[in-house]
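Subject: Handover of a structure and notes on its contents

Dear colleague,

I am passing the structure below to you, together with a written account of what was found in it. Please read the account with the structure open beside it.

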Amino acid sequence: MATLSKRKRPSREEKPFKERLKISGKVFDDHTLEVLVKYLNSAVFKSLDYPVSQGKEAVVFRASGYRKTFIAVKIFKYETTSFHKVMDYIQGDPRFNVDAVKNSKREFVKLWARKEYANLQVSFKAGVSVPEPKHHRENVVLMEFIGVDGVPCALLEDVVLSNPKKFFNEVVENMKLCVKAGLVHADLSSFNILVRDEKPVFIDWAQAVSLEHPRAREFLESDCWNVCKYFKKLGVKCDAKELFDSLK
Ligand SMILES: Nc1ncnc2c1ncn2[C@@H]1O[C@H](COP(=O)(O)OP(=O)(O)O)[C@@H](O)[C@H]1O
Ligand SMILES: [Mg+2]
């Protein structure tokens with residue numbers, strides 16, 4: 001039988017994976033598949049179930065572990081166009097050397113994933129309500145799946161809170177813990193807070209910066225504005241300036 005030239009052949013496993021999971025864009029390139037296969041072979045999880053969300057920079061999957069456990073798998077796409085915008089959140093953070101990755105988009109994407117993992121580790125250790133970080137390899141970050149019986153929890157944006165004031169206080173407590181740990185989330189809004197048992201879980205940490213970043217305070221102020229804007233609409237008394245002053 002004639003074999004297809006390498007160029008014409010669909011890359012290994014990519015097609016069935018994509019079709020089964022209805023993935024758009026190039027998420028499963030060969031390198032990403034290799035990482036996923038390593039995790040499967042080392043029994044970190046036993047199957048990739050479905051995409052919970054498909055964003056411009058990353059796709060988040062639910063994966064099944066053994067003994068009815070679940071895990072969230074965040075895959076940062078190598079094929080992305082929006083990375084120049086995120087330079088501001090990495091340049092100036094003393095923990096990461098952007099010069100080493102300036103000329104390679106792939107290396108930059110890997111660094112971005114590493115940054116999400118590092119930020120999750122710091123915030124988790126500091127007691128902030130975040131998904132527990134589990135593993136990281138190249139452009140793939142594994143973390144605790146925030147869900148109930150395998151169903152992902154909803155974003156704050158999509159739920160009706162029974163006690164907005166109480167929830168707001170929890171958000172502020174978590175913001176305090178972040179600052180105490182030396183971090184600013186820098187994209188905190190109702191789109192990056194999940195609601196589990198009426199309590200906030202902060203997600204999406206790649207852009208979070210160290211307090212030593214020259215724009216950290218500006219980012220913190222913007223987080224305060226976003227949070228206050230949201231809760232004011234729900235009738236909670238909140239002054240962004242006061243909140244910022246109480247945190248900085
Ligand atoms: N640990 C998690 N458990 C359950 N769902 C998650 C988890 N992390 C992210 N998600 C879901 O995936 C979506 C995208 O994740 P996020 O980290 O915000 O990436 P981005 O906004 O950059 O695409 C979230 O809005 C949420 O619905
Ligand atoms: Mg997000």
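The notes that follow begin with the chain as a whole, then turn to the sheet, the ligand and two loop residues.

Please bear in mind throughout that this is a predicted model.

The chain as a whole

The chain comprises 248 residues, of which 34% are buried. Its secondary structure amounts to 6 helices and 11 strands. If one takes the contacts between residues at least 6 apart in sequence, 59% of them join residues at least 24 apart.

The five-stranded sheet

One open sheet contains 5 strands in the order β1-β2-β3-β5-β4, and their pairing is antiparallel. The edges are occupied by β1 and β4 (133–137); each has a single partner strand, so one side of each is left without a neighbour in the sheet. From one strand to the next, the twist averages 25°.

Two helices pack on this sheet. Helix α2, residues 30–41, touches β1, β3, β4 and β5, and its direction makes about 40° with that of β5. Helix α3, residues 105–125, touches β3, β4 and β5, and its direction makes about 160° with that of β4.

The individual pairings may be followed along the sheet:

- β1 and β2 are antiparallel and are joined by 6 bridges. They form a hairpin with 3 residues between them. S53 has V60 in β2 as its bridge partner.
- β2 and β3 also run antiparallel, with 7 bridges joining them. Here R62 stands opposite A72 in β3.
- β4 and β5 are antiparallel and are joined by 4 bridges. R137 has V140 in β5 as its bridge partner. These two strands form a hairpin with 2 residues between them, and E138 in the turn has a positive phi of about 50°.

The surroundings of ligand 1

Which residues come nearest to ligand 1? Of the 19 residues around the ligand, they are S53, G55, A72, I146 and D204. Two of these have already appeared above: S53 as the bridge partner of V60, and A72 as the residue opposite R62.

Several strands of the sheet contribute to this shell. At least two residues come from each of β1 (47–54), β2 (58–64), β3 (70–76) and β5 (140–144). The shell also draws on both domain 1 (17–148) and domain 2 (152–247), with at least three residues from each. By character, the shell residues divide into 11 nonpolar, 4 polar and 4 charged.

Two loop residues

Two residues in loops may also be of interest to you.

D88 is located in the loop between β3 and α3. Is D88 buried, exposed or partly exposed? It has 15 C-beta neighbours inside 10 Å and therefore counts as partly exposed. Although 127 residues separate D88 from R215 in sequence, their C-alpha atoms are 8.6 Å apart in space.

K237 is in the loop between α5 (216–233) and α6 (240–247). K237 counts as exposed because it has 10 C-beta neighbours inside 10 Å, and a residue with 12 or fewer is placed in that class. K237 and F168 lie 69 residues apart in sequence, with a C-alpha to C-alpha distance of 9.7 Å.

With kind regards

How values were computed
Residues are numbered from 1 along each chain as its sequence is written. Chains are lettered from A and ligands numbered from 1 in the order in which they are written. This is a predicted model: local features need pLDDT of at least 70, side-chain atom pairs count only at pLDDT 80 or more; totals for chains, interfaces and linings use all residues. A residue is near a molecule or strand if its C-beta atom, placed from the backbone, lies within 6 Å of it. Ala, Val, Leu, Ile, Met, Phe, Trp, Tyr, Cys and Pro count as nonpolar, Asp, Glu, Lys and Arg as charged, and the others, Gly among them, as polar. Domain bounds come from an automatic or database domain assignment. Two strands pair if DSSP finds at least two bridges between them. Axes are lines fitted to C-alpha atoms, for helices over the stretch in contact, and angles run from 0 to 180 degrees between N-to-C directions. Two residues are in contact if their C-beta atoms, placed from the backbone, lie within 7 Å. A residue is buried if 20 or more other C-beta atoms lie within 10 Å of its own, exposed if 12 or fewer, and partly exposed in between; C-beta atoms are placed from the backbone.
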